[in-house]
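Here are some short exercises to work through with a model open beside you. Try each task on your own before reading the solution.

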Amino acid sequence: MTVRDDKAPRPKPPEERRADLMDAALRLFLDQGVAPTTIEQITVRAQVAKGTFYLHFSSKDDVLVALRERFVRGLLETIDTAVCKLPAHDWRGRLEAWAKASIGGFLDSVRLHDIVFHEFAPHSREEHADNVLVAHLGALLEAGTAAGAWRVEDPRFTAVFLFHGYHGIVDDARVLEKRINRARLARRLVGSFFRAVGLDAD
């Protein structure tokens, strides 16, 4: 009769192992940069065998892709949560929430953003256009137009314009300002969103 040792550690599910590897890679990327980080360092930090890495990823670039996808999903969840807290009929409030949550989430994770978007080989134009955040904002603009809250002739065009515009605004502020005034930046961004859909910015 075999006695079961309930205290023996149980192997982690594959999704947890994958997350451990991603978390370990992220910490190393933030501490020392992507280029100097080796796969061996990642596996040592994640406390797994090197072969385990290749069960989940083919390279460091593959890890960066996964981190980028996780970053985008997290930002989308932050934005969607902020928008959905407001009543469905409060279109002005929902658009304001989208703008504030997007810039807040971006600034809270700006170092991660720079790693997964600027230290990774450029993706194709098709991947660049397949942006879930633009799609989410476009859907909000389209729904608001249908409800008569504002008039937007081309919701996707406007969403692309606003999304990439606010990225440029934040990057410009990071370069020119020693300390970003978040409240002022968010207020100006909200005003730009409102004016883009024909709402009073005051």
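The exercises below move from the whole chain to single helices and residues.

This is a predicted model, in which local features need pLDDT of at least 70 and side-chain atom pairs count only at pLDDT 80 or more, while totals for chains, interfaces and linings use all residues. Residues are numbered from 1 along each chain as its sequence is written, and side-chain values use heavy atoms, with hydrogens and water left out.

**Exercise 1. Confidence and fold**

Task: find which helices have the lowest and the highest mean pLDDT, and state the secondary structure content.

Solution. Start with pLDDT, the predictor's confidence in each residue, from 0 to 100. Its mean over the protein is 88, and 90% of the residues reach 70 or more. Next, go element by element: helix α7 (residues 125–129) has the lowest mean, 57, and helix α8 (residues 132–146) the highest, 96. Finally, count elements, taking helices (H or I, at least four residues) and strands (E, at least two) as DSSP runs numbered from the N terminus. There are 10 helices and 0 strands.

**Exercise 2. The nonpolar core**

Task: which residues of the largest nonpolar core touch the most other members, and which helices supply at least two residues each?

Solution. First, the terms. Buried means under 20% relative accessible area, exposed over 50%, and partly exposed in between (1.4 Å probe, protein chains only). A nonpolar core is a set of buried Ala, Val, Leu, Ile, Met, Phe, Trp, Tyr and Cys residues joined through side-chain atoms within 4.5 Å. The largest one has 57 residues, and F29, L95, W98 and L137 touch the most other members. At least two core residues come from each of α1 (14–32), α2 (39–46), α4 (60–84), α5 (91–108), α6, α8, α9 (155–176) and α10 (182–196). Then zoom in on L137: beyond its neighbours within four places in sequence, its contacts (heavy atoms within 4.5 Å) are L95, W98, A159, L162 and F193.

**Exercise 3. Helix α10 from end to end**

Task: compare the span of α10 with its expected value, then describe what lies at its two ends.

Solution. The expected span is 1.5 Å times one less than the number of residues. For the 15 residues of α10 that gives 21 Å, which agrees with the 21 Å between its end C-alpha atoms. At the N-terminal end, N181 acts as a cap, with a side-chain oxygen 3.3 Å from the backbone nitrogen of A183; a polar contact is a pair of N or O atoms within 3.5 Å, where within protein one must be able to donate a hydrogen and the other to accept it, and residues adjacent in sequence count only if both atoms are side-chain atoms. After α10 comes G198, with a positive phi near 85 degrees. The buried residues of α10, including L185, L189 and F193, pack against α5, α8 and α9.

**Exercise 4. Two residues to classify**

Task: are H113 and Q47 buried or exposed?

Solution. H113 lies in helix α6 (residues 110–118) and is buried, because its relative accessible area is 6%. Leaving out residues up to four places away in sequence, H113 touches F71, F106, H118 and H167. Q47 sits in the loop between α2 and α3 (50–56) and counts as exposed, at 69% relative accessibility. Now check the backbone: most residues other than glycine have a negative phi. Q47 is not a glycine, yet its phi is positive, about 60 degrees.
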